[in-house]
Amino acid sequence: MLRILAFAALLATSLTAVHAGEARRAVLYKNPQCGCCEGYADYLRKNGFEVEVKPTNDLAEISRKAGVPEDFQGCHTMFIDGYVIDGHVPLKAVEKLLTERPAIAGISLPGMPMGSPGMVGDKTEPFKVYAITKDGKKPTVYTTE
């Protein structure tokens, strides 16, 4: 009986350690020719995320179906923990979203701002990350980085 209890305790401890160190899983859709999207995926991987990259020629349709208005779409669309994240959104904003878990569809950093994660160049101004609503209302600023 002691062996069974000891084994159960060891197993529980092992599972807890694996779960605590588990990477967050994300699926990132990108245009097949886009290189900066791979840079963004690498950025997330270096920060503890497990990212599956899926090249597609239907990126605009994927973003639209996720509720991202056309003028708020980036060059890639990612799904993680029930949220859509569109564009080169900085890690701090992603972590804020996943920690706070607001009742929104996701967040977006429109366009391809220089100096954003995965992009070359220097950051020239603060990044405005927008909240994408579930009801189709105009996105509002979620955070500024």
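Is Asp81 buried, partly exposed or exposed? At 35% relative accessibility, Asp81 counts as partly exposed. The views below come from a predicted model.

**View 1. Asp81, a residue with positive phi in a loop.**
Asp81 is found between strand 3 (76-80) and strand 4 (83-87). Its phi is near 45 degrees. That value is positive, and Asp81 is a residue other than glycine. With a relative accessibility of 35%, Asp81 falls in the partly exposed class, because that class runs between 20% and 50%.

**View 2. The two sides of helix 4.**
Helix 4 spans residues 91-100. Its buried residues are Leu91, Ala93, Val94, Leu97 and Leu98. They cover an arc of only 165 degrees around the axis, so they sit on the same side of helix 4. Lys92 and Thr99 are exposed on the other side.

**View 3. Arg101, just after helix 4.**
Arg101 follows helix 4. It lies in the loop between helix 4 and strand 5. The phi of Arg101 is positive, near 50 degrees, in a residue other than glycine. At 43% relative accessibility, Arg101 is partly exposed.

**View 4. Ser116, a buried loop residue.**
The loop that holds Ser116 runs between strand 5 (106-109) and strand 6 (128-132). Relative accessibility here is 2%, so Ser116 counts as buried. Which residues does Ser116 contact, leaving aside its neighbours within four places in sequence? They are His88, Leu109 and Phe127. Gly87 is 29 residues from Ser116 in sequence. In space, the two are 9.4 Å apart, C-alpha to C-alpha.

**View 5. Ser63, a buried residue of helix 3.**
Helix 3 covers residues 59-65, and Ser63 is in it. Ser63 has 1% relative accessibility and therefore counts as buried. Neighbours within four places in sequence are set aside here. Beyond them, Ser63 is in contact with Val68, Gln73, Thr77 and Asp86.

**View 6. The salt bridge between Arg25 and Glu50.**
The structure holds 9 salt bridges. One of them joins Arg25 to Glu50, with the closest N and O atoms 3.3 Å apart. This pair links distant parts of the chain. Arg25 belongs to strand 1 (residues 24-30), Glu50 to strand 2 (residues 49-55), and they are 25 residues apart. Arg25 counts as exposed, at 52% relative accessibility. Glu50 is partly exposed, with a relative accessible area of 41%.

**View 7. The salt bridge between Glu38 and Lys30.**
The closest N and O atoms of Glu38 and Lys30 are 4.0 Å apart. Is Lys30 buried or exposed? Lys30 has 3% relative accessibility, so it counts as buried. Its partner Glu38 is partly exposed, at 31% relative accessibility.

**View 8. The salt bridge between Lys54 and Glu52, and a network.**
Lys54 pairs with Glu52, the closest N and O atoms being 3.9 Å apart. Lys54 is partly exposed, with a relative accessible area of 32%. Glu52 is also partly exposed, at 42% relative accessibility. Elsewhere, salt bridges that share partners join Glu61, Arg64 and Lys65 into one network.

Technical notes: Residues numbered from 1 in each chain as written. Predicted model: local features only at pLDDT ≥ 70, side-chain atom pairs only at ≥ 80, totals over all residues. Heavy atoms only, no water. Buried < 20%, exposed > 50% of the residue type's maximum accessible area, 1.4 Å probe, protein only. Helix = DSSP H or I, 4+ residues; strand = E, 2+ residues; numbered from the N terminus. Arc of directions from axis to C-beta. Contact = heavy atoms within 4.5 Å. Salt bridge = Lys/Arg side-chain N within 4 Å of Asp/Glu carboxyl O.
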